[in-house]
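User: I should like to learn how the features of a structural model are read, one at a time. May we work through an example together?

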Amino acid sequence: MGKIIVMVGAPGAGKGTQARLLAEHFGYPQISTGEILREMAQADTSLGREIRELQAAGRLVSDDTLAEVILSRTSQPDCADGYILDGFPRTLKQAAMLEDLARKQGKEVVLVRVVVSDEALMKRVTGRRNCPCCKEIYNIYFKPPKNDNVCDNHPEAQLEHRADDNPETVRARLATYDEKTRPLIDYYRKDGLLQTVDGRGDAESIYKEIVRIITAQ
Ligand code: ADP
């Protein structure tokens, strides 16, 4: 049965980094709702403006918008064998949507939670820089590029710093996570569906641990 691998965790826990590695390992597409919404936010439409404002405030985009995004993306042919979700579900309503979707698509949901302390999260998020070409994720504190502010693989590309990765918005995002997303953890834990990994180590060993968990199922 095809799998839907779901990465759960606070902003900065390393969901995106792990989702990228897993996508390569399993040959599944990585679906990052944050990234899809950031692209949608660039449109000069009322929806684009609304998403832009919510992201800048560290608040969540509506469940209805997410339903549309997820439905249309996961019905693409590259998702037929399975896919990796990074940033969805983030509310109990989204969790119910996912259950429904998995049933309709005949796929099994595998949830992996990456846990990191709140102090570490702030540094990880504010230090994060992305390559616009290959999407490689650097961190000025923990994983700096060889040359300041340019990608190791694309020396012509200046690294990007997300507008919502500033301390004030990160504090708001962590509060949103506590309020809206943390209840999901209890919900899944009760059902014994959640596998937890320690997100403190280096990305490579965390990745190996996650692959072990997923293939053991
Ligand atoms: P992070 O997990 O590091 O906070 P993301 O890139 O996943 O960052 O998301 C950035 C922003 O996009 C969120 O703060 C939120 O505004 C919006 N977003 C992403 N996924 C969802 C979702 N599932 N539901 C509602 N809003 C979302």
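**Reading a predicted model**

Analyst: Let us begin with burial in this predicted model. D165 counts as buried because its relative accessibility is 1%, and buried means under 20%.

User: With which residue does D165 form a salt bridge?

Analyst: The partner of D165 is R173, with 2.9 Å between the closest N and O atoms. R173 has a relative accessibility of 10%, so this residue also counts as buried.

User: Which residues are linked with D165 and R173 in a network of salt bridges?

Analyst: The network joins R128, R162, D164, D165 and R173. Within this group, D164 forms a salt bridge with R162, their closest N and O atoms lying 2.9 Å apart. Both D164 and R162 are buried.

User: How many salt bridges are found in the whole structure?

Analyst: The search finds 18. Another of interest pairs the side chains of E136 and K143, at 2.5 Å from N to O. K143 is partly exposed, because its relative accessibility is 39%.

User: How does one judge the length of a helix such as α7?

Analyst: One compares an expected span with the distance between the end C-alpha atoms. Helix α7 covers residues 167-190, and its 24 residues should span 34 Å at 1.5 Å a residue. The end C-alpha atoms are 33 Å apart, which agrees with that expectation.

User: Where in α7 does a kink lie?

Analyst: The kink is at T181, shortly before the proline P183, and amounts to about 45 degrees. T181 is also among the buried residues of α7, which include V170, R173, L174, Y177, L184 and Y188. Just after the helix, G192 takes a positive phi of about 70 degrees.

User: How should I read the interior space, and how many cavities of 30 Å³ or more does the search find?

Analyst: One asks how much space there is, and then which residues line it. The search of the whole structure finds one cavity of 30 Å³ or more, and the largest cavity holds about 30 Å³ of space. Its lining consists of A10, D118, L121, L174, Y177, D178 and R182.

User: Which helix gives the most to that lining?

Analyst: Helix α7 does, with four residues. Both α6 (118-126) and α7 supply at least two residues each. By class, the lining has four nonpolar residues, three charged and no polar ones.

User: What is the general expectation for phi and for peptide bonds?

Analyst: Most residues other than glycine have a negative phi, and most peptide bonds are trans. In this model, K135 has a positive phi of about 70 degrees although it is not a glycine. K135 sits in the loop between β5 (128-130) and β6, and counts as partly exposed because its relative accessibility is 38%. N149, likewise not a glycine, has a positive phi near 60 degrees. N149 belongs to the loop between β6 and α7, and at 32% relative accessibility this residue counts as partly exposed.

User: Which peptide bond is cis?

Analyst: The bond from F88 to P89 is cis, with omega near 0 degrees. P89 lies in the loop between β3 (82-86) and α5 (92-105).

User: Finally, how far apart are P144 and R129 in sequence and in space?

Analyst: P144 and R129 are separated by 15 residues in sequence, and their C-alpha atoms by 8.9 Å in space. P144 lies in the loop between β6 (137-139) and α7. P144 counts as partly exposed because its relative accessible area is 49%.

Technical notes. Residues are numbered from 1 along each chain as its sequence is written. This is a predicted model: local features need pLDDT of at least 70, side-chain atom pairs count only at pLDDT 80 or more; totals for chains, interfaces and linings use all residues. Side-chain values use heavy atoms; hydrogens and water are left out. The expected span of a helix is 1.5 Å times one less than its number of residues. The bend at a residue is the angle between axes fitted to the seven residues ending there and the seven starting there. Buried means under 20% relative accessible area, exposed over 50%, partly exposed in between (1.4 Å probe, protein chains only). A salt bridge is a side-chain nitrogen of Lys or Arg within 4 Å of a carboxyl oxygen of Asp or Glu. On a 1 Å grid over the protein atoms alone, a cavity is a set of points where a 1.4 Å probe fits but cannot get out, and a pocket is an open set with protein on both sides within 12 Å along at least five of seven lines; lining residues have an atom within 4 Å of a point. Grid points are joined across faces, edges and corners, and a volume is the space filled by probe spheres set on the points. Ala, Val, Leu, Ile, Met, Phe, Trp, Tyr, Cys and Pro count as nonpolar, Asp, Glu, Lys and Arg as charged, and the others, Gly among them, as polar.
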